[in-house]
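Trainee: Could you take me on a close look at one part of this structure? I would like to see how a single strand sits among its neighbours, and then how that part fits into the rest.

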Amino acid sequence: MARQRLSYAGVAVAVPVTVPYVRYSTHSAHWFIGHAIDALVKASGVGKDQIDGLCLSSFSLAPDTAVGVTQHMGLSPRWLDHVPTGGASGVMCLRRAARAVQSGDADVVACVAADTNHIDSFRQTLGSFSNFARDATYPYGSGGPNSIFAFITANYMRSFGAKREDFGRIAVDQRSNALKNPNAMFKKPLTLDEYMAARPISDPIHLFDCVMPCAGAEAFLVMSQERARELGLPHAVIRGAIERHNAYSEDPVMVRGGWRVDRDDLYAQAGVRSADIDFVQTYDDYPVIAMMQFEDLGFCEKGEGPAFVRSHSLTCDGSFPSNTSGGQLSAGQAGAAGGFLGMTETLRQLTDTAGSRAVAHAHLGLVAGFGMVTYDRCLCTGAVILGRPA
Amino acid sequence: MTMPMMHPKRKNPVLRTQQMNLPPGARGRVALGITTAAAEGRFELQTCADCGAVQYPPRETCHKCLSPRLNWREQGGEGLLLGSTTLHHSNDLFFRERLPWQLGLVHLDAGPTVMVHLHGEVGAAPARVRVGARLDRAGQAVLIGFPNEGSAHMADDKMLREMTSDPKFRKVLVTDGKTEVGQAIVRALVKAGADIVWVGHAEPWKKMGGLDDISALPQVTLVPLDLTNGRSVTELAGAIGGKVDIVINNAEVHRNFGIASRRGTDVAKAEMDINYFGLLRLAQEFGPALKGRSADGATNATAWVNLLSIYALSNFPPHGTFSASKAAAHSLAQCLRAEMRPAGIRVINLFPGPIDDEWNQQMPPPKLAPATLASAIVKALRDGVEDIYPGDVAEEWLERWRDNPKVLERELAHGGG
Amino acid sequence: MTPTTNSELMSTAAILGGLVQALASNRIRVIDLTQTLTPEFPQIALPPEMGQCWPFRIEEVSKYDERGPSWYWNNFSCGEHTGTHFDAPIHWISGRNLANNSVDTIPVQHFVAPACVIDCTSEASANPDYLLTIADIERHEANHGRIPKGAWALMRTDWSKRHDPEAYQNFDETGQHTPGPGTEAVRFLVEQREVLGFGSEAIGTDAGQGYHLRPPYPCHYYMHGAGRYGLQCLTNLDLLPPTGAVLICPPLKIEKGSGSPLRVLALVGQDT
């Protein structure tokens, strides 16, 4: 019997900031981190010297880590973490920052994910992404996770009868969400016909199944609710949070993610059922993964993903609002910031700053993370349920 | 079915010769275990000595029981294709230039799931496949999914031809046509479909048997080539260097002397002059042109074969100076391999045991028939391996050498066996 | 030693002066009897289990390049019996115990000596295994006078005009087929004419099939056994008069050398 865990009560998540994405930048990741922290300071009224915790996620800092960033930015935090979980870093930075605040190790933690994107830096990142990628996938020319997710998608399609159109629905609805997001890279509508007619990249993965690498940053602050109230900061609270690494490693090909292991725990922490969730931000590096999250987070059963997307609209005003920012598929993937995208968007939804993307009566949002394809699947999964403060 | 490869058209001389962009060649040290086995034509994976788990990608510790006792064990490679994909896009230049390119994900019966280059004859998933390891153009191991039963032309698969050095339609230089070995190599190459075989002919006034037979073959052209004469090598490289796709350096001097059994150094020098310096001269003159054409169409320059000797690994005192010259050649061949690798040219080293020729007349059988050696070369080219040890004697020496080089040294000091 | 008189001194000065004048005015021509040393020029071929003569090999040391910015030079290697070369008596077992039998000790005046050219062109062209006979020598002497003591006997065959190494070596499965002297002719030249040595255009002073003569390689055996010399791989013998030419052929001064590649020059008078 597991020991009763400490709840996340009393922790506020506030001040979502986005450093606008650009396709390529000549700046280093530090430039984007600097802008993100500057935006946090300006939007919160918290002085730079009052930020006493920093939780960072970035792929393009090398040879620096969060340590070098403190000197670069003139910060002197008393709590520092560098979270290397990529697409799961939003959830995981939040979990760590929340515990630091609860324990008193830090008062105000800046969670920042930022990456730059130079011409050719994506290719170079892929080649040195992990030992296993270097040894066992990169030499096969897939140029990143495209082929791994092609296998996963093809296997999923064959196993559960999914069709390209089903994935197309996810891409098309997210694009319509993105059109309401001024920060999104994609500004043109996408039709299902256009989705279907796109050129193959690594079939069954086609162009609109892939994210566009870009440069940018996402960030937010974690502090006590008490402090947030003092500062007058609108915020969300953490109702539950889970993470898992290297789950189901015995599955020969990924058909389920680690969310499935811990989802009961997640809903139990929050005291809610999946049906109570008002909107979901999945980690959408490929549509098949978004579909798996619908299943593994309990919105439908395994194999029902295709039917689920056929019977729901995923737009901001739809029956199952999902990736209301447009997601990475339409907003762009700014490296590790892609793992923060669902978090900042959820904070905007729950603090009424989502503008025309606002989901009506949104009280509970679920943010899922999925990160680090070291070999044949992503290893890191996490999820958090955020709600409005009582 | 693989479409049989057709004889490629002549090259348009006004077009720039395509240059080589290698596939990604970086590997961690532990992953080189796969390369090591693939270089000899085997597919090996790490197997835990304690719990028996087979694992991939290679690791420093057993992922099941954390044991560090990981052995490399040969694999049958049988497995189930879980999914396949055709790359239509790649950020990597090598693949970008060769699209479309088929990949697969295979669940090996032995346990792990592996990503493979997929042979064109493998059907849609789920399908039974056989996974093997090959060296790619970067000289590093990659896994390949083969059909369980391949067709007659499966070697012509576009992907597989990139991993191998099939002599079919290629132009080959054999540096010495005067020996039985040389002549057997020439015949084997012609049989394997080589387009042109240039055959080196040193000291043409010395009449040896068999040369007329091979020079009567329509694919064969005798060329003056004396590896002791730098100018001869330079002039031949000038004449045909730009067309040679495969160099097979079989020229050697072999005498049966140790240190005390032959006064002076003339024999040792003659051995070194051909076996070592000959390779050096040849590599300096033919290497650059070969490197420049390593991505030149379907019959690109592809391989360099050295006839070394199992005596290169450990000195066989009755043939002591010969052993030393082959050890020197082996060392230089490693240098050549390193220098050719950036261009994607494979250096294949042969370590045969005693060949059935006049210089091993007094060696007891088993001895390697020249024709057997020749087929081993063609097979090595087709399989894309780096090191081969043809013949029973070579295999046994290798086993002993791997087991304990010092013990082998002692055994050889006492006359072999 | 006989005292040298003034008139004799004057006389030698006049001789040398006259020679210089004659050379300058081309009344005495200098003919080069030497094959060019190239890597392609064949060397004597023995059964492979025996020691071998090195062929001529040459390698650039530098050529106004990074290996030597302002100069060009080569290293070369070869045997004592490579290319146009001189055989000393010590070369053969029959001459091994003679005094002054190596190139460094041979009296230097032997390196300047008259030459008789015995023409066997038509015989050699008809028969590559042609062996010089006493009759050939006598026919030569009948036309051109007796071969003087201390002269070179050169066997002209025009074999050097075979520029293709394969034709020059002329091997088949029974060995080499090149002309040379018969045993009796050698003994005649050594014993009856006391020649300084024997010269040939082929790869050796002995015939290609000389191993099968008695004794094997008679020219080497008898010439060197009697302290006489050999010259082989000569060329341009067709430019020499049957008699009257003077050879200048000093080998390299190699300690205990059995022979040496060398430049062989012939002085030929206009009126000879």
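Mentor: Let's begin with a pairing in chain A of this predicted model: strand S1 and strand S8 (residues 235-245) of chain A run antiparallel to each other and are joined by three bridges. To find the pairing on your screen, look for A:Ala14, which stands opposite A:His235 in S8(A). S1(A) has another partner in S7(A), again in the antiparallel sense, and here the pairing extends over eight bridges. A handy marker for that one is A:Val13, whose bridge partner in S7(A) is A:Val222. As a reminder, strands of a sheet pair through backbone hydrogen bonds, either parallel or antiparallel.

How enclosed is S1(A)? Ten of its twelve residues are buried, so the strand is largely enclosed by the rest of the structure.

Now turn to a helix that S1(A) helps to cover. Helix H1 of chain A covers residues 29-44, which makes 16 residues. From first C-alpha to last, H1(A) reaches 23 Å, close to the 22 Å expected at 1.5 Å a residue. Its buried residues are A:Ala29, A:Phe32, A:Ile33, A:Gly34, A:His35, A:Ala36, A:Ile37, A:Leu40 and A:Ser44. The cover over these buried residues includes two elements you have already met, strand S1 (11-22) and strand S7 (215-224) of chain A. Also included are strand S4 (108-115), helix H2 (66-73) and helix H9 (225-231) of chain A. After H1(A) comes A:Gly45, which has a positive phi, near 75 degrees.

Stepping back to the whole of chain A, you will count 14 helices and eleven strands. The radius of gyration is 19 Å, close to the 21 Å that the globule rule gives for 390 residues, so chain A is as compact as a globular protein of that length. Along the principal axes, its C-alpha atoms fill a box of roughly 55 × 45 × 45 Å. Buried residues account for 61% of the 390 residues in the chain. Of the contacts in chain A with a separation of 6 or more, 78% are between residues 24 or more positions apart.

What does chain A touch? Two pairs of chains are in contact, and chains A and B share the most contacts. Chain A and chain C, by contrast, are joined by no contact, and their closest C-alpha atoms lie 38 Å apart.

That leads us to chain B, where the domain assignment gives domain 1 (32-160) and domain 2 (171-413). The C-alpha centres of these two domains of chain B lie 31 Å apart. Their contact takes nine residues from domain 1 and nine residues from domain 2. On the domain 1 side, the touching residues are four nonpolar, two polar and three charged.

For a comparison with the antiparallel pairs of S1(A), look at the open sheet of seven strands in chain B, which has parallel pairing and the order S11-S10-S9-S12-S13-S14-S15. Its edge strands, each pairing on one side only, are S11 (220-224) and S15 (387-388) of chain B. Within this sheet, strand S12 (residues 246-249) of chain B runs parallel to strand S13 (residues 303-307) of chain B, and four bridges join them. Your marker there is B:Asn249, which stands opposite B:Asn306 in S13(B).

Methods. Residues numbered from 1 in each chain as written. Chains lettered and ligands numbered in written order. Predicted model: local features only at pLDDT ≥ 70, side-chain atom pairs only at ≥ 80, totals over all residues. Domains from an automatic or database assignment. Contact = placed C-beta atoms within 7 Å. Nonpolar A, V, L, I, M, F, W, Y, C, P; charged D, E, K, R; others polar. Expected span 1.5 Å × (residues − 1). Buried ≥ 20, exposed ≤ 12 C-beta atoms within 10 Å, placed from the backbone. Rg over C-alpha atoms; globule rule 2.2 N^0.38 Å. Pairing = 2+ DSSP bridges.
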